[in-house]
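Trainee: I would be grateful for a close look at one part of this model, namely the way its helices pack, followed by an account of the surroundings of that part.

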Amino acid sequence: MGVFDTAARTAGRARYAAAQGLRSAWYGAQMSAARRRASGFDRPGEPAFRPSKGTPDLAALRRAYVELFLKDRLNVEAGLYPAPSDVRLKDLPKALRSARAFREDVEEVDRRRLERNGTEIRQQIIDGHNRYPAYYLQNFHYQSGGWFTEDSADLYDTQVEALFTGTADAMRRAVLAEISRELKGRDQRGVSLLDVACGNGRFLSQVMQVYPRLMASGLDTYTDAARARLRPWKQVEILHDAAESMPIEDASLDMVVSIFLFHELPPRVRGQVVSEVQRVLKPGGLFILADSAQFGDYPALDGLLEYFPHGFHEPYYKNYLSWNANSVCEAAGLLPETRSLAFLTKISTFRRIS
Ligand SMILES: C[S@@+](CC[C@H](N)C(=O)[O-])C[C@H]1O[C@@H](n2cnc3c(N)ncnc32)[C@H](O)[C@@H]1O
């Protein structure tokens, strides 16, 4: 490597560190402010929560956080995806609006947490309420509007980034790295990819920025937001449907991606979704499953994972922490291939065998 290359790499790393540092500080400050305004995870009169798996080791948490960004930057340098351009002056007004909306919502989230009310959404008028199974009609995370309203789709990105101190996009990019590896040497125009539970389309739009000719689709209930985000790519279709019964032909897709969905599902539904993924994938197709780290992934942080369902409405998360994705996928005909950690997210890949 020549002197100019080394200088360019050093400058790139410095820009990356400054931008991601700023981003982390921005979301970290929002979370700290929210926690100051809220009553805390422990309800008044209740004893302080003690995780059964011990006090989390904060040094281990910091190490995992730094490793996430080191790996993310190395992925950029390896050419798996371009450097993120997510800290731009022109986005400041939107960032300020989102921060304000997040701040204004804290009281409502806190009220639901105090009341332990994770099903308020069932009292709201939702178009086609009866289309959704009961487990879906909940205010996951205690968030306003559950998975249904435009406002909740709008707030979602800030809520997740604040929760993870600005690491959510970097964790999702670990999935983009898997997609890039899979696409190596292939013509993207002939490759079909589905993002199951694509949320408001954030990740899918990032995929499309890197692979604009990909035959992509997404599936969720936040469909208006996702459709608006994916509008620049005419071939992208967003389906308003359930992951456990996807309106997609058998053996029609090359890749299926799912990010932060499985911990939100009752165990029975997880198995159904895995079977659906197997059904829609072509033989040889790849399933990329990204979700929360589980017990044993970072033994020193097992206790930290227990805090999540204590502080947020996460009715199926405790069960998910010990859920064995490998055995469920293998039984469905999806062979486990790789596993890696990106801070608090685990990325597992599976291949449809026949
Ligand atoms: C935690 S969010 C994850 C969203 C997005 N994948 C991301 O990276 O942030 C979970 C998403 O799963 C969707 N979801 C939950 N259960 C679902 C189901 N049975 N079928 C389809 N989508 C579902 C919700 O609407 C929500 O957008």
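Mentor: Helix 1 (residues 3–37) packs against helix 4 (residues 150–163) at an angle of about 90 degrees, and their axes are 8 Å apart. Here axes are lines fitted to C-alpha atoms, for helices over the stretch in contact, and angles run from 0 to 180 degrees between N-to-C directions. Helices (H or I, at least four residues) and strands (E, at least two) are DSSP runs, numbered from the N terminus. The angle therefore makes helix 1 roughly perpendicular to helix 4, a term for angles of 65 to 115 degrees. The model is a predicted one, in which local features need pLDDT of at least 70 and side-chain atom pairs count only at pLDDT 80 or more, while totals for chains, interfaces and linings use all residues. Residues are numbered from 1 along each chain as its sequence is written.

On the side of helix 1, the contact is formed by Tyr27, Gln30, Met31 and Ala34, which meet Glu161, Ala162 and Leu163 in helix 4. Two residues are in contact if their C-beta atoms, placed from the backbone, lie within 7 Å. By class, the residues of this contact divide into 5 nonpolar, 1 polar and 1 charged. Ala, Val, Leu, Ile, Met, Phe, Trp, Tyr, Cys and Pro count as nonpolar, Asp, Glu, Lys and Arg as charged, and the others, Gly among them, as polar.

Let us turn to the sheet. Its 7 strands form an open sheet with mixed pairing, in the order 3-2-1-4-5-7-6; two strands pair if DSSP finds at least two bridges between them. Strand 3 (237–240) and strand 6 (334–342) are the edge strands, each pairing on one side only. On average, neighbouring strands of the sheet are turned by 15 degrees against each other, direction ignored. The edge strand 6 pairs with strand 7 (residues 345–352) in the antiparallel sense, over 8 bridges. Within this pair, serine 348 in strand 7 is the bridge partner of arginine 339.

Helices also lie across the sheet. Helix 5 (residues 168–183) lies across strand 4 (253–259), strand 5 (281–292), strand 6 and strand 7, and runs at about 25 degrees to strand 7. Helix 6 (residues 202–210) lies across strand 1 (192–196), strand 2 (215–220) and strand 4, and runs at about 175 degrees to strand 2. In total, the secondary structure of the chain comes to 11 helices and 7 strands.

Definitions and conventions: Parallel < 35°, antiparallel > 145°, perpendicular 65-115°, else oblique.
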